[in-house]
Amino acid sequence: MDWSIQILDSASSTQDIVKDLAWGEAPEGIVVQALEQTDGRGRHGREWVSQKGNLFFSVLLRPDVMAQEVGSLALVAGLSLYKVLEQDKWPEVMQLKWPNDLLLSDKKCAGILMETELAGAYVDYVALGLGVNIVSAPKEGAALGGEAIAIRDDFLEQFDKYYKQWKEKGFSSIKEDWLGCAHEIGAELSVKIDQDHVFGVFAGLDDVGNLLLDCNGSIRVITAGEIYLCS
Ligand code: BTN
């Protein structure tokens with residue numbers, strides 16, 4: 001992929017800029033980074049605090065896949081970022097939390113927001129937004145240190161490989177890699193879906209990236225929600 005990278009001093013949200021470009025028929029591979037965001041957003045409509053010094057960027061993708069196949073792309077992005085960030089973190093432990101959070105010693109250090117526009121049954125475009133806490137983090141989070149530009153470029157290089165594999169062979173060919181970087185099969189999980197909490201044991205992922213939760217012997221397929229490891 002020939003990435004085309006634009007850096008802005010400030011933006012409301014890099015997601016909105018990439019979406020505007022997508023409506024203007026921009027090709028995939030455009031990357032918009034902002035040094036700060038005034039209206040950065042996270043999953044479930046939450047604010048993503050976006051002060052200078054951290055990394056904020058969005059990528060425009062146009063995978064030629066059906067709507068039901070695209071969800072696992074967020075997991076692929078999480079795995080790519082994990083591969084970049086895990087280096088040299090010992091003795092702290094980096095872990096993926098389904099669907100695509102990155103934890104450093106159980107504290108969130110990066111997040112991924114995937115927003116998808118459909119054209120009928122197919123994907124028109126994906127705006128894939130990444131926020132990495134480098135110099136600062138909310139009090140329950142962790143800051144990683146490091147060089148924002150190097151992290152961005154290493155991510156793009158790593159993601160390029162997995163993206164190609166995902167398009168050619170599907171998520172099932174990447175699933176074992178993802179599982180190797182996440183909480184262990186058998187871990188007790190609590191999944192918050194809307195206002196409800198569902199408890200169970202992590203039983204893996206299906207071939208499109210949904211979470212499999214063993215609830216007293218019956219497997220529930222979790223397609224969305226908030227997940228917390230039980231202590
Ligand atoms: C989450 O964990 O809730 C996802 C956070 C995603 C934040 C990034 S920062 C760059 C891009 N622009 C945004 O407004 N959000 C994403």
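The legends below describe close-up views of a predicted model.

**View 1. The open sheet.** Seven strands make up an open sheet with mixed pairing. Their order is β1-β2-β3-β7-β6-β5-β4. β1 (4-11) and β4 are the edge strands, each pairing on one side only. From one strand to the next, the twist averages 20°.

**View 2. The β3 and β7 pair.** Within the sheet order, β3 is followed by β7. These two strands pair in the antiparallel sense, over 7 bridges. One residue pair can be picked out: F57 has L130 in β7 as its bridge partner.

**View 3. The β4-β5 hairpin.** Strand β4 (residues 94-97) runs antiparallel to β5, and 4 bridges join the two. They form a hairpin with 3 residues between them. M94 finds its bridge partner in β5 at L104. L104 is also one of the buried residues of β5.

**View 4. Strand β5, covered on both faces.** β5 spans residues 101-104. D101 and L103 lie on one side of the strand, and both are buried. L102 and L104 lie on the other side, and these two are buried as well. Both faces are thus covered.

**View 5. The β5-β6 hairpin.** β5 also pairs with β6 (residues 107-119), again antiparallel, through 3 bridges. The hairpin leaves 2 residues between the strands. S105 sits in the turn and has a positive phi of about 45°. L103 is bridged to K108 in β6. K108 reappears in the view of the ligand contacts, where its side chain places a polar atom 2.5 Å from a ligand oxygen.

**View 6. Polar contacts to the ligand.** The closest residues to the ligand are S13, Q37, R41, R43 and K108. Q37 brings a polar side-chain atom to 2.9 Å from a ligand nitrogen. R43 uses its backbone instead: a polar atom there is 2.7 Å from a ligand oxygen. The side chain of K108 has a polar atom 2.5 Å from an oxygen atom of the ligand. Taken alone, the ligand exposes 420 Å², and the protein buries 99% of that.

**View 7. The shell around the ligand.** The ligand is surrounded by 20 residues. By class, 6 are nonpolar, 10 are polar and 4 are charged. Elements giving two or more residues to this shell are α1 (14-23), β3 (55-61), β6 and β7 (122-132). β6 gives the most, with 4 residues.

Methods:
Residues numbered from 1 in each chain as written. Predicted model: local features only at pLDDT ≥ 70, side-chain atom pairs only at ≥ 80, totals over all residues. Heavy atoms only, no water. Buried < 20%, exposed > 50% of the residue type's maximum accessible area, 1.4 Å probe, protein only. Pairing = 2+ DSSP bridges. Near = heavy atom within 4 Å. Polar contact = N/O pair within 3.5 Å; in protein donor to acceptor, adjacent residues only side chain to side chain. Areas by Shrake-Rupley, 256 points an atom, 1.4 Å probe, with all protein chains shown as cover. Nonpolar A, V, L, I, M, F, W, Y, C, P; charged D, E, K, R; others polar. Axes fitted to C-alpha atoms, helices over the stretch in contact; angles between N-to-C directions.
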